[in-house]
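Please read the following report alongside the sequence and the coordinates. It asks how the secondary structure elements are arranged and packed.

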Amino acid sequence: MTVQPDFALRQQARWPSVVAGALLALSCLLLLLAAAIGSTGLESLTTLRDDPVALQIIRDIRAPRALGAWLAGALLGLAGAIAQGLFRNPLADPYLLGSASGASLGVAVALVAMSATPYAGAWLPRLGLTGAAFVGATGAVFLTLTLARGVHQTMRLLLAGVVVGVVLGALGSLVMMMQPEVMLSMQAFMLGSTAFVGWSACAVMAMVWLLCAPLAIALSRVLDGLSLGEATAASLGLPLPRARVALVATLALATGAAVAQTGLIAFVGLAAPHLVRSIVRTTHRRFLWLASLMGGLLLLAADTLARSLIAPQELPVGVLTAVLGGGYLLWLMHRRSSVPGG
Amino acid sequence: MATLVSSTSALQAHGLHAQLGRLPVLHGIDLTLPRGRWTSVVGPNGAGKSTLLKALAQLIPHSGQVHLLGDPMSIVPARLRAQRMAWLGQNESSGDDLLVWDVVMLGRLPHQAWLAGPSPADAQAVEQALRATQAWDWRLRTLGQLSGGERQRVLLARALAVQADVLLMDEPLANLDPPHQSDWLRLVRQLLAQGRTVVSVLHEISFALHADEMLIVAQGRVRHQGRCADTATHRMLEQVFDHRIAIVPVAGQWVALARDD
């Protein structure tokens, strides 16, 4: 005998797909809008067809930047959802394992090395900084894992992440103090920016996303099991040790790729999963997709706002995500504490 | 020494040692828990009851041998073990953001292929389990929206949904009100009638005395194993609790009364 889930359950099961569709549609709309908005305000896409310069601006600058913002956000949203599931902590964010301060240190060292060479100005390679940030971020995660002696004890991993974050952050500051002329560039990196994202950066982030998202989804039932506690997850026959290694690697790769291309963008990885949770309650299999889509939408929206709020100048997008994300979390906290028993 | 493996045992342990951190908790436990029976594990606080249950369920590092339904645990793959033996823990963190339906569906994980979704049979098992613990009405609520007792009934349904032959439960009556404690007793009787084996750690001795067998644990060692109705079991119970309780018959049941003299 087969039993069909009742009507209420079927409705509930459909809801995440509706939300995913809405997030995708909003993202597409916003991508078009972001491509149309320039430093002189909104320009109609239709009149640009006859203007080769404007078309080139859209093709080479605005389109990759908008897509890059979406991809970086999608990576951070995914990484945030993995971190919160893995550490069973709603305050976990993608930078938890020290990757942020590792990336900062990598960039600081690269900037100092470049300013020390006489040819620095001529070939300031964006690629070099990206590589340094990635190496720094992944190196910091490895350091955290080494100090925590593996991934098996969550609390030890969290503490090691905090220690690595503080120590590498201090080292990064020390490097900056020794070469004060790199401070401005460093500040820009730490605030996060999508201004330098080109097609090659988009390709890298898209590839990483295509690798990380399916891997995370394949491990989603482990995250579901872990939400009932480690012992219950183990009693369900889930291969926890191997899955934990794969999840930490996915988390580190997604975060490292986003940080390397766009710097330290605050709050997207923390806020995107929370926003999804406030709209829909579902298992990680769908939740990871939704958090990733939400992260993309958030960062794209923030980037478009950052470019248009004080046009022709622009705000660093990291400042905007920090202000908006922080405000949102405060509102969420207030709303939860005002609900009786909540 | 060769271990004699009984084909009528659900769980058998030989020379089981375990420690929490650096503190040894279990000191060479030997036991045989009969198949198709309800065994309650009792003992003073800190006796090692929960640790024993976790070691039997292979959830903590331990030394010694454990056999599940006649097979050495070391050769039973994790997924098959999870299909045959379900475990309900105490004070485990619970996913407050998950829907009750999804929580109970997690009990079906051992029966699903890695990337496959739930089948109609899974949905049926989940519905049965939720109805058995009277939790069906909350299927679309999140765990965070439930009281302690309601949550316990959902977690019990999660363990039932595994439909395992052996069910290990650590303090399953925690947070349950008296009517639902009685419901739990009825549920256990139904499971036994289906030929399943139940092992429960209970601190309420009067409830534990409803079981078929009693395993009395103290200071990480088995002090006694016998039928709940046996006088020897009652005397040992009184002894491990420093004669601060008395086992007496009341209305056809054995009851533990606290002594204040």
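The report takes chain A first, then the nonpolar core, and then the sheets of chain B.

**Chain A and one of its helices**

The model is a predicted one. Chain A contains 13 helices and two strands, and 49% of its 342 residues count as buried. Among the contacts in chain A that link residues at least 6 apart in sequence, 81% join residues at least 24 apart.

Helix α7(A), residues 199-218, can be checked against ideal geometry: at 1.5 Å a residue its 20 residues should span 28 Å, and the end C-alpha atoms are 29 Å apart, which agrees. Its buried residues are A:A201, A:C202, A:M205, A:V208, A:W209, A:C212 and A:A216. Viewed down the axis of α7(A), these buried residues fall within an arc of 135°, so they line one face of the helix. An α-helix has 3.6 residues a turn, so residues three or four places apart point the same way. The buried residues of α7(A) pack against α2 (52-86), α8 (220-226), α10 (240-262) and α12 (284-308) of chain A, whereas the face turned away from the buried side carries the exposed residues A:M207, A:L210 and A:P214.

**The nonpolar core**

The largest nonpolar core has 182 residues, and those with the most contacts inside it are A:L75, A:L78 and B:V104. The largest share of this core, 16 residues, comes from α2(A). Leaving aside neighbours within four places in sequence, B:V104 is in contact with B:V126, B:A129, B:L130, B:V154, B:A157, B:R158 and B:A161.

**The six-stranded sheet of chain B**

An open sheet of six strands in chain B has the order β6-β7-β8-β3-β9-β10, with mixed pairing. Strands β6(B) and β10(B), the latter at residues 221-227, stand at the edges with a single partner strand each, so one side of each is left without a neighbour in the sheet. From one strand to the next, the twist averages 15°.

Which residues cover the two faces of strand β6(B), residues 85-88? Both faces are covered, with B:M85 and B:W87 buried on one side and B:A86 and B:L88 buried on the other. In a regular strand the side chains alternate between the two faces of the sheet.

Three strand pairs of chain B are set out below.

| Strand pair | Bridges | Direction |
|---|---|---|
| β6(B) and β7(B) (166-170) | four | parallel |
| β7(B) and β8(B) (197-201) | five | parallel |
| β4(B) (63-68) and β5(B) | two | antiparallel |

Within the parallel pairs, B:L88 stands opposite B:M169 in β7(B), and B:V166 stands opposite B:T197 in β8(B). Helix α1(B), residues 49-56, packs on this sheet, touching β3 (38-42), β7, β8 and β9 (213-218) of chain B, and its direction makes about 150° with that of β7(B). Helix α5(B), residues 148-161, also packs on the sheet, touching β6 and β7 of chain B, with a direction at about 170° to that of β6(B).

**The four-stranded sheet of chain B**

Another open sheet, of four strands, has the order β2-β1-β4-β5 in chain B, with antiparallel pairing. Its edge strands are β2(B), residues 23-34, and β5(B), residues 71-72, each of which pairs on one side only. In the pair formed with β5(B), B:H67 stands opposite B:P72. Helix α1(B) packs on this sheet, touching β1 (9-20), β2 and β4 of chain B, and its direction makes about 120° with that of β1(B).

Methods. Residues are numbered from 1 along each chain as its sequence is written. Chains are lettered from A and ligands numbered from 1 in the order in which they are written. This is a predicted model: local features need pLDDT of at least 70, side-chain atom pairs count only at pLDDT 80 or more; totals for chains, interfaces and linings use all residues. A residue is buried if 20 or more other C-beta atoms lie within 10 Å of its own, exposed if 12 or fewer, and partly exposed in between; C-beta atoms are placed from the backbone. Two strands pair if DSSP finds at least two bridges between them. Two residues are in contact if their C-beta atoms, placed from the backbone, lie within 7 Å. The expected span of a helix is 1.5 Å times one less than its number of residues. The arc is that of the directions from the helix axis to the C-beta atoms. A nonpolar core is a set of buried Ala, Val, Leu, Ile, Met, Phe, Trp, Tyr and Cys residues joined through C-beta atoms within 7 Å. Axes are lines fitted to C-alpha atoms, for helices over the stretch in contact, and angles run from 0 to 180 degrees between N-to-C directions.
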